[in-house]
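Colleague: I'm new to reading models like this one. Can you take me through the terms as we look?

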Amino acid sequence: MTMTTADNQPLLKVVDLSLSYLTRQGPVPAVQSVSFELGRGQSLGLVGESGCGKTSVANCLMRLLPDNGRLTSGQVLLEGQDLLPMSEEEIRRFRWRRMAMVFQAAMNALDPVYRVGQQVVEAIEAHGIEETTAQARQRVARLFRMVGLDPQLMDRYPHEFSGGMRQRAVIAMALACDPAVIISDEPTTALDVIVQDRILRELKGVQRELSMGMIYITHDIGAVAEVTDRVGVMYAGRLVELGDTVDVLHAPMHPYTAALMSSFPSISGEKKALGTLPGEPPNLVNLPTGCPFHPRCAHATEECRREFPPQAQRGSQWAACWHPLNGAQESEQS
Amino acid sequence: MTNYLLRRSGQMVLTLFLIVTLAFFLVQAQPGDYAAFYSLNPDIPAEAREQIKASFGLDKPLWQQYLIHMKNTLTGNFGVSFGHYPRPVIEVLAERLPRTIVLFLSATAVSFYLGFFLGKAIAWRRGGVLEYAATISGATLFTAFTPAFALMMIWIFAFKLGWLPVGKFLDPLIWRGAEVTANHVFSYMLATAAAFVVFAFLTLLVARKSGRFATGRLPFLIIAAGAVAIPVAWAFTGIGYLALDILRHMILPIATLTLISFAGTMLLTRNSMLETMREDYVMAARAKGLPEKVVRDRHAARNALLPVITSLVYSLIFAIDGSVIIEGVFSWPGTGMTLLQAVRSEDLPLVMGAMVFIGLFSLLAHVIVDVLYVYLDPRIRYQ
Ligand SMILES: Nc1ncnc2c1ncn2[C@@H]1O[C@H](COP(=O)(O)OP(=O)(O)OP(=O)(O)O)[C@@H](O)[C@H]1O
Ligand code: SF4
Ligand SMILES: [Mg+2]
């Protein structure tokens, strides 16, 4: 169920994106040659063990990098416009207006000294979405209702909110300027399972209703199955497999994806975090040669250790592997 | 909130009680007999002496004297100053206290603003020339020996450059033939300053409540207009030149106090800023596409302010200490210098009165900072 826009241009197109963090131990290549597309109204999951670079990808898309972050290559095309060469002022107008974010630590994404509604009004004000404060507040009230919050709560402070309420408020905040793309970085990890589930469903509902593109970053395979159309699997800064969610979950091509699945009893059953794989993800400063997964891979051969694998394709699904599982149609050098 | 204020008031009363007690026993512990100082002072006529003796219970045992002292303090009766005989202590202090408060509030306000402003700037743009310059000069001034530094300021700005008066409250040559007293002019000045603060505050309040986003510069223009109107209005009163003279005398001590104390606020703000800049809500503010200045001021700096305000209590105490020395060096006739002189001339009632007043003043400052903090941090405000 890949969707493209009417004019056949994807909503968001990421091409060969690479990012390094400069550290005392040397450059950390946290994102390497990542490419993917996102259609309008489509939802793309990004999964992988902790530290594989998911948040870094999200931050590149928003161009919200820490001081030591350096973009070394790539394009981020939103509706055909490349965000990376933009000036600070251009990107500032772009952020939140076209692409908004629900943060990983949503608990702390609200400033403790301002009323919650005010913090949403602030974003509306910065982008000139409404004329007056009164109109902006009406908009906030609508957004609050949309995410299941009583609009009267907008004059409360963050510390008066429960975890779930804060999470909803942060989602309302992300919707404030009608963005085309919304990035959710593990939006529900800090919440209890029942609240997680409800908020997830609402997030999905809102995304469908507003026909936004969504990038959904998570450890939780259950959530991936529930809310994403396509899913990308990341390992050591690289996208190693990408395909329709149903295909990837039922017939993974990359041994890493398969290992993630097997450490996870039942897709539709109880929820469990990824990352209970034997061995450890590699140190990014000192990556293994060839396929970075080879020290942990049961199928590793000599060429795996020597050279980075090409993309093996199967329909709209691909994996970067010399020996893909579940039958690839063809293999092409990438 | 009410609960909190009640509790704070209770603590304040207790502290005040301790201060008054301490002042009494410190003076008692002076070498020489307290009662004898009164009865042997040649400035005091014999009949007044008896009266004083009775009203202070000087012929009674110590514990009774203490109780009488307590009662007198509560009713504002600190007795008669030896040095300023026959003026009552309370009258001397009522004249001098405002001068100290003005000196000290302006210096605290200026140094706090300067320190906060610089600290915020150097945290935001780390590693710049400004960071080195501000940190080194701030730390040097902070550790400088206060009297030596004050004398150096006088030497540079009063003697070498001749820009400002050497010290004191006013220049007698300018005041000769003036129809009003310095105290009158000074209280008008105080009233003007207070009115201006209220005016500026109300303007900002109305601007904020008016509900348009783009109020922009207008409130600041209105406030600036008010600031311009003040000297113009004073020029018409005919005593403007006298006020100007007092103002000129205030500049050097305020500048000195500011320079020795801004670094504390600056370094603290910098550290606090570096913490808040890492917070998710600052990242969120940037992600929302807010302008950098708004991210810095409304989010990072606004939160960094909280621990700095807490420390304001300590810098206030530092400034009260400093004001005794500064007033001495600049011959500024405020409470600090009064205390210094009273100690030197063994004017014991005045010493006791000044100590109690300075204590009361620091206590009030403390409470004001507390209330300010509660106002600034909604997490405490709504508990
Ligand atoms: N500012 C930084 N400086 C240096 N290294 C960093 C910085 N930020 C992240 N990293 C490193 O980059 C790698 C990718 O981090 P990132 O936060 O993108 O991972 P993640 O997939 O989001 O992990 P998690 O699931 O734990 O959120 C990690 O190894 C991390 O240690
Ligand atoms: S390329 Fe080789 S080592 Fe890497 S995942 Fe495929 S089989 Fe395993
Ligand atoms: Mg992350």
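Modeller: Sure, one term to start: a polar contact is a pair of N or O atoms within 3.5 Å; within protein, one must be able to donate a hydrogen and the other to accept it, and residues adjacent in sequence count only if both atoms are side-chain atoms. This is a predicted model, where local features need pLDDT of at least 70 and side-chain atom pairs count only at pLDDT 80 or more, while totals for chains, interfaces and linings use all residues. Residues are numbered from 1 along each chain as its sequence is written, chains are lettered from A and ligands numbered from 1 in the order in which they are written, and side-chain values use heavy atoms, with hydrogens and water left out.

Colleague: What makes A:Asn68 and ligand 1 a polar contact?

Modeller: A polar side-chain atom of A:Asn68 is 2.9 Å from a nitrogen atom of ligand 1. The limit is 3.5 Å, so the pair counts. An oxygen atom of ligand 1 also lies 2.8 Å from a side-chain N or O atom of A:Lys54, and an oxygen atom of the ligand is 3.0 Å from a polar backbone atom of A:Gly53.

Colleague: Which residues come nearest to ligand 1?

Modeller: There are 16 residues around ligand 1 (each with a heavy atom within 4 Å of it), and A:Ser50, A:Gly51, A:Lys54, A:Thr55 and A:Ser56 come nearest. The largest share of that shell, 3 residues, is from α1(A). Helices here are DSSP runs (H or I, at least four residues), strands too (E, at least two), numbered from the N terminus.

Colleague: Why is the contact between B:Lys288 and A:Glu122 called a salt bridge?

Modeller: A salt bridge needs a side-chain nitrogen of Lys or Arg within 4 Å of a carboxyl oxygen of Asp or Glu. For B:Lys288 and A:Glu122 the N to O distance is 3.0 Å, so the name fits. The count between chain A and chain B is 2 salt bridges. Helices α1 (54-62), α3 (116-126) and α4 (133-146) of chain A each give two or more residues to the side that touches chain B, and α3(A) has the largest share, 6 residues.

Colleague: How do you know how many residues of each chain are in contact?

Modeller: Contact means heavy atoms within 4.5 Å. By that rule, 31 residues of chain A are in contact with 24 residues of chain B.

Colleague: And what is the buried area between chain A and chain B?

Modeller: Buried area is the accessible area (1.4 Å probe) that two parts lose on being put together, summed over both. Chain A and chain B bury about 2600 Å² between them, with 59% of it on carbon and sulfur atoms.
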